Amino acid sequence: MNGSNSSTSVLQWTIVALTAAAMYVCWPLWPALVLAAWTAALARPLLVRFERVLKGRRRAAAVLSLLLFLVLALPLVAIVLGVVSGAQQLAHLIAQQSSAQGALASIATGTGASPTPRLPNDVASALELVRRYGAQSANFLQNIAGAAASGVIALFIYFAGAHAFLLHGSSLWVWVRRHSPIEAGHLERYSAAFHETGRGLLVGVGLTSATQGAVATLAYLALGVPSWWVLGPITGLASMIPVVGSGLVWAPLTFGFFLTGHTIKGSVLAVLGFAVISSVDNLLRPVFAHFGSLRMPTFLLFVSLFGGMAAFGAWGAILGPLIVRLWIEALAVQSDALRATSASAANSSSAFVKCVEGSGPDRAKPQA
């Protein structure tokens, strides 16, 4: 008996150690794997339609579905890269200003911007630039090359994973349910919470923020804001912040217009900010929530988003809400299990009392 218990304990610790090792190995690629699983879930209806059109050719239907997602994702990636680069330049411009008034003026109208760097016009000045910035440029190019290589690997894992989940997701899930130590019902609830987080972030929160950012971008472009292509998407991201929302961006721009004497532009932006940009969230969020909503309070979503970014970097915007949502579901599962246990114990106690009362000595049997 002791030998059997010892063998079971060793097996359990072996599983724990190997699970931790497997998670450690896969950790660098977790964003690609998570996004692949969410993409497969979102693309499954599209896969069914393509499979019907292609008369049962499932692999070809899966490839077409992923190619469609690639066509949609490439412009988004280009926009993100451009916004990140522009945000760095904008932050550098703000840091060069000596006052808050100068910073607002430079953002709203471009005044106070640093002059455009002059290119070398002879060999001596070119050699001086190479001597001064050569090492920094080499390190920068090395970092860019490493990031590009990592990005290519992550992109390959993403599409390979999405293709595998589309084709074999059902069989993989059956295998997980069969071998997981978690009860099947609880595992289904965790799976539902996982996919709910994906739909909520990509569809509910993502489309609402993107629409608000697009409206703000058009408004900034019409009013002649120099960094409209950067400030518009940032406005969409700021819309997720409770209370202030998108006003965190368009309100300072309005003050910047007034400070530089552009009263009409400031007034127009104030009206657009209150009546249009800030209202998009209230109008479209219920519509997008029909396709994907995240059952999480707005403040908790905000904390998990930016807390995840502070803890894990940019990808923490995905991991933070996912961890918090699974934690909420785990608490709900535990609460339901305790409630079911209490109800079962109460029913057993009630049955026992009825049995005792039914066979008590003071209950006289009817006379024949």
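Here are some numbered notes on the structure above, which is a predicted model.

1. **Overall make-up.** Let me start with the whole chain. It holds eleven helices and zero strands, and reading along the sequence gives the pattern α-α-α-α-α-α-α-α-α-α-α. Of the 368 residues in the chain, 28% are buried. Among contacts with a separation of 6 or more, 66% are between residues 24 or more positions apart. The chain exposes about 23,500 Å², and carbon and sulfur atoms supply 70% of that area.

2. **Helix 2 against helix 6.** I would look at this pair early on. The two axes are 10 Å apart, and the helices pack at an angle of about 85°. That angle makes helix 2 roughly perpendicular to helix 6. From helix 2, the residues taking part are Val-34, Ala-37, Trp-38, Ala-41 and Leu-42. They meet a set of helix 6 residues that includes Phe-194, His-195, Gly-198, Leu-201 and Leu-202.

3. **The Trp-38 and Phe-194 rings.** The structure holds six aromatic pairs. In one of them, the ring centres of Trp-38 and Phe-194 are 5.6 Å apart and the planes lie at 45°, so the pair is tilted. Trp-38 belongs to helix 2 (residues 30-53) and Phe-194 to helix 6, so the pair ties together parts that are 156 residues apart in sequence. Trp-38 is buried, with a relative accessible area of 2%. Phe-194 has a relative accessible area of 18%; it counts as buried because this value is under 20%. Both residues also appear in the helix 2 and helix 6 contact set.

4. **Another aromatic group.** While you have the rings displayed, have a look at Trp-27, Trp-30 and Phe-312 as well: these residues form one aromatic cluster.

5. **Two buried polar residues in helix 6.** Glu-196 lies in helix 6, which covers residues 184-223. With 7% relative accessibility, Glu-196 counts as buried. Not counting residues up to four places away in sequence, Glu-196 touches Ser-293, Leu-294, Arg-295 and Arg-325. Further along, Thr-208 is found in helix 6 too. What is the relative accessibility of Thr-208? The value is 0%, and Thr-208 counts as buried. Leaving aside neighbours within four places in sequence, Thr-208 is in contact with Val-203, Asp-281, Arg-285 and Phe-288. Of these partners, Val-203 is also one of the helix 6 residues that meet helix 2.

6. **Helix 7 against helix 8.** The axes of these helices come within 8 Å and cross at roughly 130°. Helix 7 is therefore oblique to helix 8. Which residues meet here? On the helix 7 side they are Leu-231, Ile-234, Thr-235 and Ala-238, and on the helix 8 side Leu-248, Val-249 and Leu-253.

7. **Ser-239, in the connecting loop.** Ser-239 sits in the loop between helix 7 (228-238) and helix 8 (247-259). Is Ser-239 buried or exposed? With a relative accessible area of 11%, Ser-239 is buried. Apart from neighbours within four places in sequence, Ser-239 is in contact with Ser-209, Gln-212, Gly-245 and Ser-246. The side chains of Ser-239 and Gln-212 make a polar contact at 3.5 Å. Between the C-alpha atoms of Ser-239 and Val-280, which are 41 residues apart along the chain, the separation is 9.7 Å.

8. **Lys-55, a backbone point.** Most residues other than glycine have a negative phi. Lys-55 has a phi near 60°, a positive value in a residue other than glycine. Where is Lys-55? Its place is in the loop between helix 2 and helix 3 (58-95). Lys-55 is exposed, with a relative accessible area of 77%.

9. **His-179, in helix 5.** His-179 is found in helix 5, which covers residues 123-179. A polar atom of the His-179 side chain lies 2.9 Å from the backbone oxygen of Trp-175. At 48% relative accessibility, His-179 counts as partly exposed; the exposed class applies over 50%.

Conventions: Residues are numbered from 1 along each chain as its sequence is written. This is a predicted model: local features need pLDDT of at least 70, side-chain atom pairs count only at pLDDT 80 or more; totals for chains, interfaces and linings use all residues. Side-chain values use heavy atoms; hydrogens and water are left out. Helices (H or I, at least four residues) and strands (E, at least two) are DSSP runs, numbered from the N terminus. Buried means under 20% relative accessible area, exposed over 50%, partly exposed in between (1.4 Å probe, protein chains only). Contact means heavy atoms within 4.5 Å. A polar contact is a pair of N or O atoms within 3.5 Å; within protein, one must be able to donate a hydrogen and the other to accept it, and residues adjacent in sequence count only if both atoms are side-chain atoms. Rings of Phe, Tyr and Trp (its six-membered ring) pair if their centres lie within 6.5 Å; planes under 30 degrees apart count as stacked, over 60 as edge-to-face and the rest as tilted. Accessible areas come from the Shrake-Rupley method with a 1.4 Å probe; for residues, only the protein chains shown count as cover. Axes are lines fitted to C-alpha atoms, for helices over the stretch in contact, and angles run from 0 to 180 degrees between N-to-C directions. Angles under 35 degrees count as roughly parallel, over 145 as roughly antiparallel, 65 to 115 as roughly perpendicular and the rest as oblique.
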